[in-house]
Protein chains: 2
Amino acid sequence: MSTQATAFAPASIGNVAVGFDILGHSIKGPGDRVTVRRIGEPQVRIAEIRGGMCLLPIEAKRNTAGAALIAMRTALMLPFGFEIEIDKGIPFGSGMGGSAASAVAALVAANALLDVPLSREELYPFALEGEAVASGGLHGDNVGAMLLGGLVLATKDRLVSIPVPPDLYCALVHPHAVLETRDARAALAGHYELREFVPQSANLALVLAGCFQNDFNLIRAGLEDVLVEPRRASLIDGFAAVKESALAGRALGASISGAGPSVFAWCSGKEQAENVALRMRGAFAKARIECDTWVSPVAGPAAEVVACM
Amino acid sequence: MSTQATAFAPASIGNVAVGFDILGHSIKGPGDRVTVRRIGEPQVRIAEIRGGMCLLPIEAKRNTAGAALIAMRTALMLPFGFEIEIDKGIPFGSGMGGSAASAVAALVAANALLDVPLSREELYPFALEGEAVASGGLHGDNVGAMLLGGLVLATKDRLVSIPVPPDLYCALVHPHAVLETRDARAALAGHYELREFVPQSANLALVLAGCFQNDFNLIRAGLEDVLVEPRRASLIDGFAAVKESALAGRALGASISGAGPSVFAWCSGKEQAENVALRMRGAFAKARIECDTWVSPVAGPAAEVVACM
């Protein structure tokens, strides 16, 4: 029986323009790495958090990794505890699923230390509880994508992998600015009309149909956020120009990654995605904002154990 | 060149619980029959409306069939006109797509009289305009299903056929009561919260994934209207008991057909659908409401020309 395991969870793009709180996909590249040790004391504690420019809570119940493992311990009535070390690879407040990644990496590592490991779907409720301490609500779009990899529909109690065309790529641009999830969510308060929901549902259905049928035209027709993006766009300096630059580069669609400020675009093929990433970086640069860029298949990796002893 | 054609358009179920205004499927059984004659005068006129318990507008521009053909004539700049006879087979104000069926049957018949007939997708904008004179808004869930047959995603400018499991059946129960679409839509006015949209979107995605993947469990998990049905249920006497009776019969889900008062249930197989239809009829009977019932594959027929001379 192993007593220590390290897992890596990739970054992810939440919402994916048309599936607010329910649709996400993982990204090949950046991610969080979490080491978990089985300890005799019946508690969850965080030994260290490395990386990340911002102080994350070290108190276990206020940290997403800690809260996830507390939820796991409680539900499984484990007689032992966990000690956690977190290496942040995902920038804080970037809209790239950083809070979710720490929770998922911690769960995947801890799962490797259980006498009877659980399935990824069985880890989902614990990941939701972990994520909730950062965002203030239960939404599984990021943790679901990290647990299964690729594009995932994450409902309140279920994860469904959505197949995607193999040539579907994503360009992700992270401007060097912080937008706290809580602030981004506050912009969504207030009233909505039913007629706002109809075109957004239609777009969700078009994107799903396009993914299931390998039809880029349907994806292009649907990949537009008409519900949430209009309320959040003003929180991201340069957003309109960055989105426009992606569409001018023939991206299938572009929108805010998760709660922002990162911006993503879906593209037909890797070459187009690399070109679109450059265009988006250029548009941010015109607004004097530095940024990092990544290009990844939409069918990104799942979280995985990288070391076990 | 034919100068007269008759077409039949089937009834349909609009909204399908999770796709308000965008998802519909046709039903094998009842429908409207419309005969269209090419006439020399550059106008659209309605010669007669037979059947239906209620007086429908005979003025062409206020009738859905007339308005649809006016839209067609105008867009195609046709040098001739049309005379229309309508045989209503779908009860007025039933939530079974009666206003849509007259428009679609008229278009399919008129299309057979064109020198260069259009595709079903090309008829869609005219059908939308026809339907709008009855409902007061552009929504293609019923006309889309009738034009293509089966389960159809109908956006503002696009129709997408959604494949369904061959064993997927529908039980449809029409209580002998009238609920005007305009009144049913008035119940939906007012404000909504974003958090109401999230579970409804999740349900739409689950149903679509279930249809694409032939997975009845996903369909069952998703086929529930948490957004519109709660606001309309009180307009339909006996609704709660009828829905409950369907679910007790192991239906995958049940909700209001279109704007109501008809109620539908999706079922796994024809036998279950027949049983569920009886249960729903029984529940309406307990509330002293008579009704008609139909059982149909969800992959119902498309509108078609039945006579041409």
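**View 1. The second largest cavity, in chain B of this predicted model.** This cavity holds about 50 Å³ of space. If you would like to find its walls, look for Asn15(B), Ala17(B), Asp225(B), Val228(B), Glu229(B), Arg232(B), Ser255(B), Ile256(B) and Gly258(B), which line the second largest cavity. Two elements of chain B, helix H8 (229-232) and strand E8 (253-256), each supply at least two residues of that lining. Sorted by class, the lining of the second largest cavity has three nonpolar, three polar and three charged residues.

**View 2. The largest cavity, lined by residues of chain A and chain B.** About 70 Å³ of space lies here. From chain A, the lining takes in Val18(A), Gly19(A), Phe20(A), Phe197(A), Gln200(A), Ser201(A), Leu204(A) and Leu227(A). From chain B come Leu194(B), Phe197(B), Val198(B) and Ser201(B). The elements that give two or more residues to the lining of the largest cavity are helix H6 (194-213) of chain A and helix H6 (194-213) of chain B. By class, the lining of the largest cavity has eight nonpolar and four polar residues, and no charged ones. For the wider picture, the count comes to four cavities of 30 Å³ or more.

**View 3. The axis that relates chain A and chain B.** Turn chain A by 180°, with 0.0 Å of shift along the axis, and chain A superposes on chain B with an RMSD of 0.0 Å. The two copies are therefore related as by a two-fold rotation axis. To find your bearings, start at Tyr192(A): its C-alpha is the one in chain A nearest the axis, at 2.5 Å. Both copies use the same surface, and 100% of the contact residues of chain A recur in chain B.

**View 4. A hairpin in chain A, built from strands E5 and E6.** Here strand E5 (residues 151-154) of chain A pairs with strand E6 (residues 159-162) of chain A. The pairing is antiparallel and runs over four bridges. As a handy landmark, find Leu151(A), which stands opposite Ile162(A) in E6(A). From E5(A), the chain passes through four residues of the hairpin to join E6(A).

Key: Residues are numbered from 1 along each chain as its sequence is written. Chains are lettered from A and ligands numbered from 1 in the order in which they are written. This is a predicted model: local features need pLDDT of at least 70, side-chain atom pairs count only at pLDDT 80 or more; totals for chains, interfaces and linings use all residues. Side-chain values use heavy atoms; hydrogens and water are left out. On a 1 Å grid over the protein atoms alone, a cavity is a set of points where a 1.4 Å probe fits but cannot get out, and a pocket is an open set with protein on both sides within 12 Å along at least five of seven lines; lining residues have an atom within 4 Å of a point. Grid points are joined across faces, edges and corners, and a volume is the space filled by probe spheres set on the points. Ala, Val, Leu, Ile, Met, Phe, Trp, Tyr, Cys and Pro count as nonpolar, Asp, Glu, Lys and Arg as charged, and the others, Gly among them, as polar. Copies are superposed by least squares on the C-alpha atoms of residues with pLDDT of at least 70 in both. Contact means heavy atoms within 4.5 Å. Two strands pair if DSSP finds at least two bridges between them.
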